[in-house]
Amino acid sequence: MNLESEESLITELWQEHLAAPFPKGFRGKDVNGVDFVVLDATIAGCVDTFIDRGTLSLYQSAMLGLSYQDVSYIVPILNEDGAAYFWRLQRLAELVLKAVARKTQPAA
């Protein structure tokens, strides 16, 4: 998948995410210290910034990487509604991290 099609997929998934309600029963909850609202907000903020600016700062990339690790851990143990919602965030984080890496790697 090239960078242009990845960015198109990011935009499409982002629109789906914006239209999706936060899953019932997840607000104010956490799994092993991973707060669902904070995880959602962190990934969403980084995705929104990437879409707006086309890149992320080093700090934002690090925060997104840590959040990707957390969301990858929790998705398999969630109920159907939660898994669908957080899987989309997981996929968005993965795609944005890959896009940022490709944009920032030095030319060969």
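**View 1. N32, an exposed loop residue with a positive phi.** At 64% relative accessibility, N32 counts as exposed in this predicted model, because the bar for that label is over 50%. You'll find N32 in the loop that runs between β1 (30-31) and β2 (34-35). Have a look at the backbone here: phi of N32 is near 50°, a positive value, and the residue isn't a glycine. For context, most residues other than glycine have a negative phi.

**View 2. D30, in strand β1.** Staying with the strands, D30 has its place in β1. Is D30 buried, partly exposed or exposed? With a relative accessible area of 45%, D30 is partly exposed. Leaving aside residues up to four places away in sequence, D30 touches D35 and F36. A longer-range pairing to pick out is D30 with I74: they sit 44 residues apart in sequence, and their C-alpha atoms are 9.6 Å apart in space.

**View 3. Helix α2 against helix α4.** Here helix α2 (residues 36-53) packs on helix α4 (residues 80-104), with the axes 10 Å apart and an angle of about 40° between them. That angle makes α2 oblique to α4. As for handedness, the α2 and α4 crossing is left-handed. On the α2 side, the contact is built from F36, L39, D40, I43, A44, V47 and F50. Facing them from α4 are Y85, F86, L89, L92, A93, V96, A99, V100 and K103. Sort the residues of this α2 with α4 contact by class and you get 14 nonpolar, no polar and 2 charged.

**View 4. Helix α2 against helix α3.** Now for α2 and helix α3 (residues 58-74), whose axes come within 10 Å and cross at roughly 135°. So α2 is oblique to α3. This crossing of α2 and α3 is left-handed. Which residues of α2 and α3 meet? From α2 come F36, L39, T42, I43, C46, T49 and R53, and from α3 come Q60, M63, L64, S67, D70, V71 and I74. The class tally for α2 with α3 is 8 nonpolar, 4 polar and 2 charged residues. Keep an eye on F36, L39 and I43 of α2, which turn up in the contact with α3 and in the one with α4.

**View 5. S8 in helix α1, with I51.** S8 lies in helix α1 (residues 3-19). At 45% relative accessibility, S8 counts as partly exposed, because its value falls between the 20% and 50% cut-offs. I51 is 43 residues away from S8 along the chain, yet 10.0 Å separates their C-alpha atoms.

**View 6. Zooming out to the α-β-β-α-α-α protein.** The protein has 4 helices and 2 strands, and along the sequence they follow the pattern α-β-β-α-α-α. Its radius of gyration is 14 Å, close to the 13 Å that the globule rule gives for 108 residues, so the protein is as compact as a globular protein of that length. Taken along the principal axes, the C-alpha atoms fill a box of roughly 45 × 25 × 20 Å. How much of the protein counts as buried? That would be 40% of the 108 residues. As for contacts with a separation of 6 or more, 74% of them are accounted for by residues 24 or more positions apart.

Notes: Residues numbered from 1 in each chain as written. Predicted model: local features only at pLDDT ≥ 70, side-chain atom pairs only at ≥ 80, totals over all residues. Heavy atoms only, no water. Axes fitted to C-alpha atoms, helices over the stretch in contact; angles between N-to-C directions. Parallel < 35°, antiparallel > 145°, perpendicular 65-115°, else oblique. Left-handed = near helix turned anticlockwise from the far one by under 90°. Contact = heavy atoms within 4.5 Å. Nonpolar A, V, L, I, M, F, W, Y, C, P; charged D, E, K, R; others polar. Buried < 20%, exposed > 50% of the residue type's maximum accessible area, 1.4 Å probe, protein only. Rg over C-alpha atoms; globule rule 2.2 N^0.38 Å.
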